[in-house]
Amino acid sequence: MERVHRGVTNAVNTGAGRAARPARTRRNPFAGTGGALALALPMWLVFALFFLLPLAVTVIVSFWEFTQYSIEPAFILRNYADLFDGCLEDLPYLCTTLKTYLSTLKFCFLVWLTTLILGFTIAYFLAFHVRTLPMQVTLFLICTIPFWTSIVIRMIAWIPLLGRNGLVNQALIGMGVTDAPLEWLLYSDFSVILALTHLYALFMVVPIYNSMMRIDPALIEAAVDSGASGLQTLTNVIVPLAKPGIIIGSIFVVTIVMGDFLTIGIMGGQQIASVGKRIQTEIQYLQFPIAAANAVMLLVAVMLAISALLRMVDIRKEL
Amino acid sequence: MTTRRTFLKGATALGATSLAAPYVHAQEAVTLRYLSTAVNQSPAIAQKASEDLGINIEYIAVTTDDVARRVITQPNLFDLVDTEYFALPNLVPSGNLKGMDANRIDRADQIASVIREGTVDGQMVGTDGTAPFEVLYLEEETGQSFASDPSRWITLIPTTYNADTLGIRPDLIDGEVNSWAALLDPKFAGKTAILNIPSIGIMDAAMAIEATGEITYGDKGNMTREEIDFTIDKLIEAKRAGQFRAFWSNFNESVNLMASGEVVIQSMWSPAVTAVRTQGIACKYQPLKEGYRAWASGFGLPRTLDGRKEDAAYEFINWFLSGWAGAHLSKQGYYPAVLGTAKEYMEPYEWAYWYEGAEAEQDIMSPSGDLLEQAGAVRDGGSYEERMGSVACWNAVMDENQYMVRKWNEFIAA
């Protein structure tokens, strides 16, 4: 019984500590009218120069005219109209743009799911099953080893494994599992999801692990002592408390996959469309305005996805 | 109007003034910034030019499409560009290139007739697409439109050109392949590839579709919207039926697809076939009855080039046409602008193999000393006259390029 008590007291204490925090504020030497603004200014300048300005240019250019060798200031909606050309008339068949976005969203969802399952499991193992901190750090560093090489190399390394005459197919045929090589291992949705999961699982592991490390072990003990089963502890204690990490990891993965064209290109044998690849093709053909329009649409899509994620948890409060 | 160009101009000017070195009177070696694709940038040529002329060549390597993009958006960041003729209908109206004075090019009149007139041995070759002779001359030095007759102002001086066809893996294919239609033959379902570079990919597709007899194009290199629609519909049909294993967008991807056996027949570039072969894997650059898709690349000068840099550029180009570079490129399978001078720098047996379609009397080596072919081999497609004489079309940018790129994206998304 004593253990339960301690857990409860602990929880109460944490709550009290949080409530008491504002009282701790000391006199800030920079407080006053201009002080805080001056402190924020460098950050604002960087933000304005490297984020707001390029973004504004992209939005402006998306309304410009273009030919094959020039772009000219104008205010036309043709680029957006071209983007959605046939989208209404062709219904119920999907137009190119919708199809491309849908395919990109599909990869987003599937990769989110696989990285979440993988990331959560690995983080859980590191946080709760590995007992000593040095061991945790060691295992954690091992997780980062793939990040020592470039993204392209990590991706290309799959090709000799998965190819028609690759190691996996040779092994399967050697073991008598199949007679003919499995074609869908490479240049398919499967290989794209596999490579993306491999590339981005760590982005899920890190924030979830971080959240889990902050969970007070006493809470878990309290749950166990109150008679919760392992699954109940997981769903009622660990998952809710790890939620900020899950959401942050999800934001990383979703934004990266939405803009990815390299992995989808290489692992999909260039046969699978992605919004990023389309923008790249348009830029190569100097169709900057239409590429800009596409980029604006992609940005809107990503922001919608993120605002949906943020609705699930108040990150500001949790950090 | 503040375009990106003027902004960049301002930025470079600012950089130049603030970084200007103290004035030095001595004639230091001129450095020419040479913009082109990596394939055209041989370190040996830069080294030899530096030895012979005392001019430093600084390569800037980008992809085919990027070369054109840089000429349009960053014309101050190179001194010499090696770009494809088919990009000219976009580059010349931009006004960023200037005509080269034929009077300052020593061998302007010896440039291969296939480039100057579109003829081989007096016979006209196919001119679908952007044939070099159609875009070779300007009305005046700073002209922004092409001259219909030969003039003093040349747009590009050829560096390399060639005739492209399909590459095949003869060891993995039963029977003969003799038509572009093979690319769409269900026999090779799941084992073919084409390029994901829209302007070239659509030409290969057009060669294949026309070979099946379903359509005859007015001009494959300048399709109408209906022709583009038809071509893309056919491609989508083939893609849905699983005809293609992959699409490739750079040289190395095409080599890997072929060498690994993922693909047994695909559009390919000549040096890629050589690269597969040097791995000891059988690969053939198969001549086809419908002919070749040709391309040509050449030197152009940015409009802003002047003074010693301009002199050095002319000097380098004249040196390039004087034989050593031509021979060097010939031994990689390209054709140079001036054949006669290249011949002087090649062994007779090499010339016979590369140009006359003869059996190799000795082993054929690459310029870097790798074994390319053993004695007794014959070049795929035969002699210069047979290969360049069978050109059916040239790489091109269509008038309906914008529409074509949109439809191509549709094909990729299908």
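**Entry 1: a pair in chain A**

I started with A:Glu183 and A:Arg164, whose side chains meet in a salt bridge with 2.9 Å from N to O. The two sit 19 residues apart and tie together distant parts of the chain. I found A:Glu183 in the loop between α8 (167-174) and α9 (189-213) of chain A, and A:Arg164 in the loop between α7 (158-162) and α8 of chain A. Note to self: this is a predicted model, and side-chain atom pairs count only at pLDDT 80 or more.

Next I asked myself whether each partner is buried or exposed. A:Arg164 has 7% relative accessibility, so I put it down as buried. A:Glu183 comes out at 34%, so it goes down as partly exposed.

**Entry 2: following the charges into chain B**

Which residues are linked with this pair in a network of salt bridges? I get A:Arg164, A:Glu183, B:Arg245 and B:Glu262. The link over the interface is the salt bridge of B:Arg245 with A:Glu183, where the closest N and O atoms are 3.7 Å apart. I jotted down the general point too: side chains of opposite charge can pair when their charged atoms come close.

B:Arg245 deserved its own look. I located it in strand β13 (residues 244-248) of chain B. Its relative accessible area is 7%, and buried means under 20%, so B:Arg245 counts as buried. The side chain of B:Arg245 also reaches the backbone oxygen of A:Glu183 at 3.1 Å. Within chain B, I see a polar contact between the side chains of B:Arg245 and B:Glu262 at 2.9 Å.

I then listed what B:Arg245 is in contact with, leaving aside its neighbours within four places in sequence. On the chain A side the list has A:Arg164, A:Glu183, A:Leu186, A:Tyr187 and A:Gln271. On the chain B side I wrote down B:Gly190, B:Lys191, B:Thr192, B:Glu262 and B:Val263.

**Entry 3: the A/B interface**

Time to look at the whole interface. I have 31 residues of chain A in contact with 42 residues of chain B. The area buried between the two chains is about 3300 Å², and carbon and sulfur atoms give 49% of that. Which three residues supply more of the area that chain A buries against chain B than any other three? My answer is A:Arg164, A:Gln271 and A:Tyr285, with 23%. A:Arg164 is thus a familiar name from the salt-bridge network, and A:Gln271 was on the contact list of B:Arg245.

For the polar side, I counted 2 salt bridges across the interface of chain A and chain B. I also have 15 residue pairs in polar contact across it, both residues at pLDDT 80 or more. Helices α3 (78-83), α4 (96-129) and α13 (275-284) of chain A each supply at least two residues of the side that touches chain B. The largest share of that side comes from α13(A), with 6 residues. By class, I noted 11 nonpolar, 11 polar and 9 charged residues on the side of chain A that touches chain B.

**Entry 4: chain A as a whole**

I tallied 15 helices and 2 strands in chain A. Of its 319 residues, 39% are buried. I computed an accessible surface of about 18300 Å² for chain A, with 71% of it belonging to carbon and sulfur atoms. Taking contacts in chain A between residues at least 6 apart in sequence, I find that 69% join residues at least 24 apart.

**Entry 5: other spots in chain B**

The structure holds 28 salt bridges over all chains, and I picked a couple in chain B. B:Arg169 and B:Asp171 meet at 3.1 Å, N to O. B:Arg169 is buried at 8% relative accessible area, whereas B:Asp171 is partly exposed at 45%.

B:Lys407 and B:Glu410 meet in a salt bridge at 3.3 Å, N to O. Both lie in helix α15 (residues 401-413) of chain B, 3 residues apart, about one turn of the helix. An α-helix has 3.6 residues a turn, so residues three or four places apart point the same way. B:Lys407 is buried at 12%, and B:Glu410 is partly exposed at 27%.

Last stop: helix α3 (residues 64-73) of chain B. How many of its 10 residues are buried? I get 7, so I noted the helix as mostly covered. The buried ones are B:Asp65, B:Asp66, B:Val67, B:Ala68, B:Val71, B:Ile72 and B:Thr73.

Conventions: Residues numbered from 1 in each chain as written. Chains lettered and ligands numbered in written order. Predicted model: local features only at pLDDT ≥ 70, side-chain atom pairs only at ≥ 80, totals over all residues. Heavy atoms only, no water. Contact = heavy atoms within 4.5 Å. Buried area = accessible area lost by both parts, 1.4 Å probe. Salt bridge = Lys/Arg side-chain N within 4 Å of Asp/Glu carboxyl O. Polar contact = N/O pair within 3.5 Å; in protein donor to acceptor, adjacent residues only side chain to side chain. Helix = DSSP H or I, 4+ residues; strand = E, 2+ residues; numbered from the N terminus. Nonpolar A, V, L, I, M, F, W, Y, C, P; charged D, E, K, R; others polar. Buried < 20%, exposed > 50% of the residue type's maximum accessible area, 1.4 Å probe, protein only. Areas by Shrake-Rupley, 256 points an atom, 1.4 Å probe, with all protein chains shown as cover.
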